[in-house]
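Me: I should like a close look at a single part of this model, namely its largest nonpolar core and the strands around it. Please set that part in the context of the whole chain.

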Amino acid sequence: MAWIGLTGLAVALVVAGCSEDGKDTSAPAVPGEVTALASSSVSVHVMWRADPDVAVFEVYRGDAKVLDVTGGRHMVDVGGLTPGTAYSFSVRARDRAGNVSPASAVVPATTLSVAQGERVPPTAPRNVRGQARGAGGATLSWEAATDDVGVTAYDVWQAGVRVHSVAGDLTTAVVSGLRPGTAYSFTVTARDAADNKSPESNAAAVLTEQGTGDGRDTAPTGLRAVPRVAVDGTYVDLSWTPPDVDGAVASYEVYLDGKFLTTVMWGVAPPSGTAQYSLPLGDQPVAGRVLKIRGQLPDGKWGAFSADLTLTDAPAGGTGTDPSAPSAASTGP
């Protein structure tokens, strides 16, 4: 067995992308295929190629970082801009160890000028059609919308999630990042320079082709529930492991006894490890109730439900504090 001196060990660690204490020091790959689309007078739509191993994408306007976007997402609107003004954008990738990539290529975009009194939204795009583009994508086409001044962008939606945008002079789009053997339903809306949005188009159904990754479990796992009594009622402290999908899951639905109860949402930084949320039940009984959850995947589809979990009563005489999950928001019916 060859002996490696301390100097050799340090060199080996640096080559492998680790420090002497074992910490990951390798920067992620530079984001590719960065584009910037000035789709209104006050915002620019920035897109890039998503990498599932990236925790956060940092979006820069000039030399200033303006947004952090959760890994798995590949687009964002940069707002608050000035009409008719030239800007430049770039993107950096940051991994879970905090390593940051060099900046991507810089892409320019000039916000649109708004015609005086432009308040009329475009008409809805018509005759949207779709077909599978292999196992992970779809090609969409439609008839152009009309506007009193002009259509500046088209947005593609899947289950209420915008998954793509193209310039207003295009009537086709290629959507990527889909799952094999999965049914999708897409709609398209049009926007003008004043950011007026059209009604939704008809829905176009697409079934992606079978391929690698079929049958991957999209359900949250390890769901646990600990009831507790607080001064304002009973809470159930939930924890679970997010599904292993390409990108972060930022929204979950909670069902109680088979019925939808509430939606739990994170902003730009949903948990990459164990997720936690304190579910308020007020004065509702707890013991014997059956709880399950599911997450909304990065492609807009809802994943599979977790295994059912039967709740027990909170400990007798127990008291608790206020909910301790400030990073998540909940919306109910």
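Reply: Among contacts between residues at least 6 apart in sequence, 65% join residues at least 24 apart in this chain. The model is a predicted one. Its secondary structure comes to one helix and 22 strands. Of the 333 residues, 42% count as buried, and the chain exposes about 16,500 Å², with carbon and sulfur atoms supplying 54% of that area.

In soluble globular proteins, nonpolar side chains tend to be buried together. In this chain, the largest nonpolar core has 20 residues, and Trp 240, Leu 279, Leu 291 and Ile 293 are those with the most contacts inside it. At least two residues of this core come from each of the strands E16 (233-241), E17 (251-256), E18 (259-266), E19 (275-282) and E20 (290-295). Strand E19 gives the largest share, four residues.

Leu 279 merits a separate description. Leaving aside residues up to four places away in sequence, Leu 279 touches Thr 234, Tyr 235, Val 236, Leu 238, Val 254, Leu 261, Thr 262 and Leu 291. A second core, separate from the one just described, has 19 residues, including Trp 142, Ala 173, Val 175 and Tyr 184.

Two of the strands that supply the largest core, E16 and E19, also belong to an open sheet of three strands in the order E15-E16-E19, with antiparallel pairing. Strand E15 (221-230) and strand E19 are the edges of this sheet; each has a single partner strand, so one side of each is left without a neighbour in the sheet. On average, neighbouring strands of the sheet are turned by 20° against each other, direction ignored. The antiparallel strands E15 and E16 are joined by eight bridges. Arg 228 stands opposite Tyr 235 in E16, and Tyr 235 is also one of the residues touched by Leu 279.

For a position elsewhere in the chain, consider Ser 201, in the loop between strand E13 (183-192) and strand E14 (204-207). Ser 201 counts as buried because its relative accessible area is 9%, against a cut-off of under 20%. Residues up to four places away in sequence excluded, Ser 201 touches Ala 124, Pro 125, Val 128, Thr 187 and Val 188. With Val 188 there is also a polar contact: the side chain of Ser 201 reaches the backbone nitrogen of Val 188 at 2.9 Å.

How values were computed: Residues numbered from 1 in each chain as written. Predicted model: local features only at pLDDT ≥ 70, side-chain atom pairs only at ≥ 80, totals over all residues. Heavy atoms only, no water. Core = buried A, V, L, I, M, F, W, Y, C linked by side-chain atoms within 4.5 Å. Buried < 20%, exposed > 50% of the residue type's maximum accessible area, 1.4 Å probe, protein only. Contact = heavy atoms within 4.5 Å. Polar contact = N/O pair within 3.5 Å; in protein donor to acceptor, adjacent residues only side chain to side chain. Pairing = 2+ DSSP bridges. Axes fitted to C-alpha atoms, helices over the stretch in contact; angles between N-to-C directions. Areas by Shrake-Rupley, 256 points an atom, 1.4 Å probe, with all protein chains shown as cover.
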